[in-house]
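User: Hello! I would like to learn how to read the place where two chains meet. Could you walk me through one case?

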2 protein chains.
Amino acid sequence: MSKRQKRFILSESDIPRQWYNIQADMVNKPLPPLNPATKEPLKPEDLYPIFAQALSQQELNQTDAWIDIPEPVREMYKYYRSTPLVRAYGLEKALGTPAHIYFKNESVSPVGSHKLNSALAQAYYCKQEGVTNVTTETGAGQWGTALSYAAKVFGLEAAVYQVKISYDQKPYRRSIMQTFGAQVTASPSMSTRAGKDILTRDPNNQGSLGTAISEAVELAVSTPNCKYTLGSVLSHVTLHQTIIGLEAEKQMEMAGEYPDIIIGCFGGGSNFGGIAFPFMRHTIRDGKQTQYIAAEPASCPKLTRGIFQYDFGDVAGYTPLLPMYTLGHNFMPANIHAGGLRYHGAGVIVSQLLKDGYMSAVDIPQLETFDAGTLFARAEGIIPAPESCHAIAATIREALRCKETGEEKVILFNLSGHGLIDMAAYDQYLSGSLHNYEVTEADVQANLSGIEKII
Amino acid sequence: MSKRQKRFILSESDIPRQWYNIQADMVNKPLPPLNPATKEPLKPEDLYPIFAQALSQQELNQTDAWIDIPEPVREMYKYYRSTPLVRAYGLEKALGTPAHIYFKNESVSPVGSHKLNSALAQAYYCKQEGVTNVTTETGAGQWGTALSYAAKVFGLEAAVYQVKISYDQKPYRRSIMQTFGAQVTASPSMSTRAGKDILTRDPNNQGSLGTAISEAVELAVSTPNCKYTLGSVLSHVTLHQTIIGLEAEKQMEMAGEYPDIIIGCFGGGSNFGGIAFPFMRHTIRDGKQTQYIAAEPASCPKLTRGIFQYDFGDVAGYTPLLPMYTLGHNFMPANIHAGGLRYHGAGVIVSQLLKDGYMSAVDIPQLETFDAGTLFARAEGIIPAPESCHAIAATIREALRCKETGEEKVILFNLSGHGLIDMAAYDQYLSGSLHNYEVTEADVQANLSGIEKII
């Protein structure tokens, strides 16, 4: 038997004490979010009705490169971090590639994904500020699961709006959230004005992250001592996720290598930014040559086929206008199994970095992602989440390119979560009933035409 | 926020290099397995048609207290071991108990349970001896999943007979095994004589571990280069699982405590023996006072209500006669969700130890196990397997006893696996549709009356 893996784990004292805020280092800062009514740039105070104050301040902080991780949050991190950095010898061998493939295994968190890194931080700050209830949206359910548990940890009540298609496709995610004590509602629902409006127009609406966000925000602003929390897209969420890349940086040092290519799947940007930004600081500061690749679904291709524009973060238009790559806030993605990637826009930081050429993106059809995930499972013993399968597929593309050229590139990807709650998807894949979804140029254009042009 | 957990992890070099064979230390050795036809004690050679030779020898080894872990197996162990020992402050607080509760978290293995510890060893020895195909049975699917992955690691083909009720209740377990490349068949099936016989008598038979074992053994002996493997009950399986207790011993030392009570759930005995036996050597050798408690389902109470007797390990009577606590090999357990505990007998080592008073057993109703599992999930962030919920429930009983008496006992239990594939069970529990199953004394007696008395 040849070597399958090698794991690198940090000692407890090496777990980072600060998150990295790339905004401070960016040459072109992200454009400000705008008040949709006045078109005025938002100040942190404008976000206080929706988010905890500390999070609102982090969101717009473009000056401090390092933000202290509060001790109670770091204490919770210690229960599952550092997550392992793994040299994937098994996958390399299965591909016959000279590339060195590493992955950061975020699937070992108690809730099965990287999402807990931010959920704990958000729940902590809410608790500190006297909040008693938190709301959120969730797609596949990874974020909702993380927030449900984090709320329980810090003694908050959690209400989760889960995208209807995922609620139906993955009933066990709902059960997990309920087991952790959260209240879970399929979105669109009749419990909010936004949900009612959507269902009135389209009674069979299957929901999207955009619709669920509208409902969760509405509940937050209409409930006392209640704040909204978000699992991706926003800059403070990505900030919390930089714990991934900061650990990986130290772990790659233990492995004696430095990545040539860093890959993450892409929904709103938090797991991609989480692993990429700490490394990217060396690119921005010192011109270090590294490729950063975001892997998005071919059926929701905002980075590869969207436009850079101010747009709403949700369907109902409750959020500020954000400067981002978008397919239009009314874009309704196909019902792929990677529910966490079914979002019309990209976070403002990633959008600016993509525009400025610091990173690139690829879009990958659903079947290729499951080919990749199954190969990975057999080689490495971990069944990846459908979202993470996008990162694996992009990694395999690069590794096979190395096989052609003979280059021994070092590739690092983020295994954002496991797929144990997504076995229905694997079942469809194994039985041959899974298929790809095409997005026509006409679909893209039709949606984009609805966006008011500001930039 | 008060402390929730503290984790203790061993360095790679501290991962044990030998398994502990308690048979060498036992005062009264287990009685020998008998050839059912001749009633003669079995020699290792008699097992060679079914099992790998190395495993057959381990099975009957009553002299060597320490068995070297082959380097390729230990290399694979390093990919997920040591598993964490966790001080469960969260659970202690939820119970308000002065007891110190620790758990060994085997759920972090790539396949989600302790089963991989033996699957890797069994697949390795089979490969060493030129075997190309392995068969096995599985209940809930934890063992089948482990063997499917271990077979893939060592380049073997795996055929798994899954108990029909679990195959239907937990389709995603099947998908996981298939994703790892195994062939999975619901048992009883029409693919073996044993299966056909059962279905002819009872077309709606839902299967049990006993029926699945019969089918897997039959396939093994009738297929060239094919061996049968078993996930529990047998002494060599428990031998491999002692890695759990050996690690826990070092980790409890790191924590500066020694357990007063050690608890494991009980199906065939491998996870219980795995955590208990290394500690029990101090009881046998030095008279160390420790309580060892096996937690079994009230619906399958072989330790608490069975008799000590020679009996078959399977329904069809293909296996040797084993001296064990049994409910009779035709006992058909109720369809509880803890599929891994639905077995009529106990391993020969545990049976002898129970008879000799070294350990005790408790039986727990299904609802109490899910009460315990849900409380644990909210307190510790891990959703336990229905099997493991039995250990948690027994732990909670002891911890509440400490609350009454004020004793600060140190309790250690084995969290044998996570319950992420068992969310349908939690869903039933949360919706109030789960219930208990009673076993009447008449049921027990009716089954036992069929066993030929040898001892």
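User: How much area do chain B and chain A bury between them?

Analyst: The size of an interface is often given as the accessible area lost when the parts come together. Here chain B and chain A bury about 3800 Å², with 60% of it on carbon and sulfur atoms. Buried area is the accessible area (1.4 Å probe) that two parts lose on being put together, summed over both. A word on the source: this is a predicted model, where local features need pLDDT of at least 70 and side-chain atom pairs count only at pLDDT 80 or more, while totals for chains, interfaces and linings use all residues. Residues are numbered from 1 along each chain as its sequence is written, chains are lettered from A and ligands numbered from 1 in the order in which they are written, and side-chain values use heavy atoms, leaving out hydrogens and water.

User: How many residues of chain B are in contact with chain A?

Analyst: Contact means heavy atoms within 4.5 Å. By that rule, 43 residues of chain B touch 43 residues of chain A.

User: What turn lays chain B on chain A?

Analyst: Two copies of a chain are related by a rotation about an axis and a shift along it. Here the turn is 180° and the shift along the axis 0.0 Å, with an RMSD of 0.0 Å (least squares on the C-alpha atoms of residues with pLDDT of at least 70 in both). That is the relation of a two-fold axis. The same surface serves both copies, as 100% of the contact residues of chain B recur in chain A.

User: How many salt bridges are there between chain B and chain A?

Analyst: A salt bridge is a side-chain nitrogen of Lys or Arg within 4 Å of a carboxyl oxygen of Asp or Glu. The count here is two. One of them joins R174(B) to D427(A), with the closest N and O atoms 3.3 Å apart.
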